[in-house]
Amino acid sequence: MPELLVDFITSLDGHASGEGWPGFWGLEGPEYLAWLGEQPEATYLMGANTYRLMSGFAAGEVPSGQDEFRPEEEASVDELTQASKVVFSSSLEEPLTWANATLIRDDAVEAVRAMKSSGSGLLSTIGSLSLCRSLLRAGLVDRFRVVMFPVITGATGAERIYDGYPDVALEMIGHHTFDGRIQLVEYRPSVLEHPPLGAPA
């Protein structure tokens, strides 16, 4: 059965991006980039907004505030282009122009539930905050991974990740520090119906 990973990169204050900031907030380092290059092959799940943004990058559109892609950003987009991608949307039209992308119009939760019951390999989200929230609420997420970059984007931050989330208990299953400044934490999530009655033992 496939494992579903929700995977975020964030500022310390939980924003997925920031106006005027480059990719990775300009703070990626050699250890972090090497780790990215070692990640297992996955099928990436995304919604329409993430698809429009990332396929635009793949087609050569440069992020606002930049004149050109930095080499590490270009490499990241190229890797995504080669990967298998599933896009959940009722607004996009076929055929999708980004290579290796499949459009699914059905309910994303039920579609992912079916993918998990009948497929193999790793499923991983990319961006797509509302999709991730829905999959977590449905109890389909096996691992919840966050890489936090050492910056607070209180004035320019966008896409607050955890707004609208249920209460979730997180069992830590891994952590690592890259380049002396970038912190990875990885958890096994459990959605809570109500706060726990007592402190954990």
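**Salt bridges and burial in a predicted model**

At 34% relative accessibility, R113 counts as partly exposed. The questions below concern a predicted model.

Me: With which residue does the side chain of R113 meet in a salt bridge?
Reply: R113 lies in helix α4, which spans residues 108-118, and its partner is three residues away in that helix, a separation of about one helical turn. The partner is partly exposed, with a relative accessible area of 45%. The side chains meet at 3.5 Å, N to O, and the residue that pairs with R113 is E110.

Me: How many residues apart in sequence are the parts that the pair D7 and R145 ties together?
Reply: The side chains of D7 and R145 form a salt bridge at 3.0 Å, N to O. D7 belongs to strand β1 (residues 3-11) and R145 to strand β7, so the parts that the pair ties together are separated in sequence by 138 residues.

Me: Is R145 buried or exposed?
Reply: R145 sits in strand β7, residues 143-149. Its side chain makes a polar contact with the side chain of D7 at 3.0 Å, and D7 is partly exposed, with a relative accessible area of 22%. Buried means under 20% relative accessible area. Because the relative accessibility of R145 is 7%, this residue counts as buried.

Me: Which residues are linked with E3 in a network of salt bridges?
Reply: E186 forms a salt bridge with R143, with the closest N and O atoms 2.3 Å apart. This pair links distant parts of the chain, as E186 is in strand β10 (residues 182-191) and R143 is in strand β7, 43 residues apart. Both E186 and R143 are buried. The residues linked with E3 in the network are R143 and E186.

Me: How many salt bridges does a search of the whole structure find?
Reply: Side chains of opposite charge can pair when their charged atoms come close. Among the pairs are D7 with R145 and R113 with E110. For the whole structure, the number of salt bridges found is seven.

Me: What is the C-alpha to C-alpha distance in space of V86 and T43?
Reply: V86 lies in strand β4, which covers residues 84-88. At 8% relative accessibility, V86 counts as buried. In sequence, V86 and T43 are 43 residues apart, while their C-alpha to C-alpha distance in space is 7.2 Å.

Me: Which residues form a negative surface patch?
Reply: One member of the patch is E79, which is located in helix α3, residues 71-82. The negative surface patch is formed by E68, E74, D78 and E79.

Terms used
Residues numbered from 1 in each chain as written. Predicted model: local features only at pLDDT ≥ 70, side-chain atom pairs only at ≥ 80, totals over all residues. Heavy atoms only, no water. Patch = residues over 30% accessible without salt bridge, like charges linked within 9 Å, V, L, I, M, F, W, Y side chains within 5 Å. Areas by Shrake-Rupley, 256 points an atom, 1.4 Å probe, with all protein chains shown as cover. Salt bridge = Lys/Arg side-chain N within 4 Å of Asp/Glu carboxyl O. Lys, Arg positive; Asp, Glu negative; His and termini not counted. Charge placed at Lys NZ, Arg CZ, Asp CG, Glu CD. Helix = DSSP H or I, 4+ residues; strand = E, 2+ residues; numbered from the N terminus. Buried < 20%, exposed > 50% of the residue type's maximum accessible area, 1.4 Å probe, protein only. Polar contact = N/O pair within 3.5 Å; in protein donor to acceptor, adjacent residues only side chain to side chain.
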